[in-house]
Amino acid sequence: MERAISVLRVFLSGRPELRVSDVAKATGLGTSTASRLLATLETLEFVERDELSGLYRLGTAPITLGGVALNQNPVHREARQVAQDLAATLGLGVNVAIRRGDSMFYLLNFEGRLAPRSFVLTGQRKPLYATGIGKCLLLGLSAQERRELLPESSMQPFTPQTLTTHARLDEELAAVLGRGYAREVEELAFGRACVAAPIRDQAREVVAAISISGPLSAMDLAAREAELARTVIETADSISIGLGYVGPVHAFAASPA
């Protein structure tokens with residue numbers, strides 16, 4: 001099972017089609033072993049083989065499993081329609097993610113007309129320290145837990161704006177906690193910005209976060225930050241209530257920091 005899963009994981013590298021030799025090299029398996037595993041996975045529809053090129057790509061079975069897993073996730077169930085409606089109303093991207101280890105994991109994303117993407121974010125992982133959603137998810141950890149989870153040696157810069165020390169991250173998270181939302185401006189990618197808010201469950205724990213994102217020009221934080229912050233906080237609170245959260249909702253800060 002571990003060898004078969006290691007074969008499937010090779011397709012996470014971003015290359016849509018692979019040769020048997022590519023899979024063998026990436027997994028450290030022998031070519032004949034890799035070939036047999038791919039053939040078995042093909043019969044189970046986890047991979048499919050192009051008849052002309054002989055290259056393998058992911059099949060339909062992972063899509064089915066992913067859909068079932070998402071439908072069973074309570075955060076996804078509560079957030080899906082709300083996020084879809086919000087993206088359509090604002091014309092911006094709306095994303096919901098949870099924490100998995102030292103990364104954020106996208107449960108869903110919708111793009112509005114002002115923030116189109118050519119790929120799906122659902123299932124992808126991004127760094128916690130360089131994203132608005134990630135900052136919200138880190139609110140559920142103590143300063144010491146954050147340091148153990150994210151050694152500074154692992155906090156590599158993506159742009160000059162990326163927070164790469166815990167001193168700066170602590171300051172930012174204190175601000176996030178005070179105003180009820182996080183902001184990110186070109187910390188993960190140039191030309192992108194977002195505002196995000198934490199989602200809590202019945203136990204008042206941060207279990208997920210939601211963001212409104214898009215190109216800098218579409219977000220226009222200089223003029224719209226207060227409006228977008230209010231919206232993302234209210235949306236996060238609505239989802240939290242659906243999850244059983246009955247604690248105090250965040251009061252919106254009229255003058256964002």
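Select N95 and then S211 in β8: the two are bridge partners. Helices (H or I, at least four residues) and strands (E, at least two) are DSSP runs, numbered from the N terminus. The model is predicted: local features need pLDDT of at least 70, side-chain atom pairs count only at pLDDT 80 or more, and totals for chains, interfaces and linings use all residues. Residues are numbered from 1 along each chain as its sequence is written, and side-chain values use heavy atoms, with hydrogens and water left out.

**The sheet**

Widen the selection to β3 and to strand β8 (residues 206–215), which run antiparallel and are joined by five bridges. Two strands count as paired if DSSP finds at least two bridges between them. Next, show the whole open sheet, whose six strands follow the order β5-β4-β3-β8-β7-β6 with antiparallel pairing. At its edges are β5 (125–127) and β6 (182–185), each pairing on one side only. Neighbouring strands of this sheet are turned by 30° against each other on average, direction ignored.

Now add helix α10 (residues 221–242), which lies across β6, β7 (192–200) and β8 and runs at about 25° to β7. Axes here are lines fitted to C-alpha atoms, for helices over the stretch in contact, and angles run from 0 to 180 degrees between N-to-C directions. Contact means heavy atoms within 4.5 Å.

**The second largest cavity**

Return to N95, and select with it G93, N109, F110, E111, A115, R117, R192 and S213; these residues line the second largest cavity. Two or more of the lining residues come from each of β3 (93–100) and β4 (103–110). The lining divides into two nonpolar, four polar and three charged residues. For this split, Ala, Val, Leu, Ile, Met, Phe, Trp, Tyr, Cys and Pro count as nonpolar, Asp, Glu, Lys and Arg as charged, and the others, Gly among them, as polar.

The space in this cavity is about 40 Å³, and the structure holds two cavities of 30 Å³ or more. On a 1 Å grid over the protein atoms alone, a cavity is a set of points where a 1.4 Å probe fits but cannot get out, while a pocket is an open set with protein on both sides within 12 Å along at least five of seven lines; lining residues have an atom within 4 Å of a point. Grid points are joined across faces, edges and corners, and a volume is the space filled by probe spheres set on the points.

**The second largest pocket**

Keep R117 and R192 selected and add Y106, E184 and L188: of the 19 residues that line the second largest pocket, these five lie nearest its centre. Elements giving two or more residues to this lining are β4, β5, β7 and β8, and β7 gives the largest share, three residues. The pocket holds about 270 Å³ of space.

**The largest pocket**

Move to L12, L58, P62, T122 and G123, which lie nearest the centre of the largest pocket among its 28 lining residues. Here α1 (2–10), β2 (56–58), α4 (61–71) and β4 each give two or more residues. The largest share, seven residues, comes from α4. The space amounts to about 1200 Å³, and the lining has 15 nonpolar, eight polar and five charged residues.
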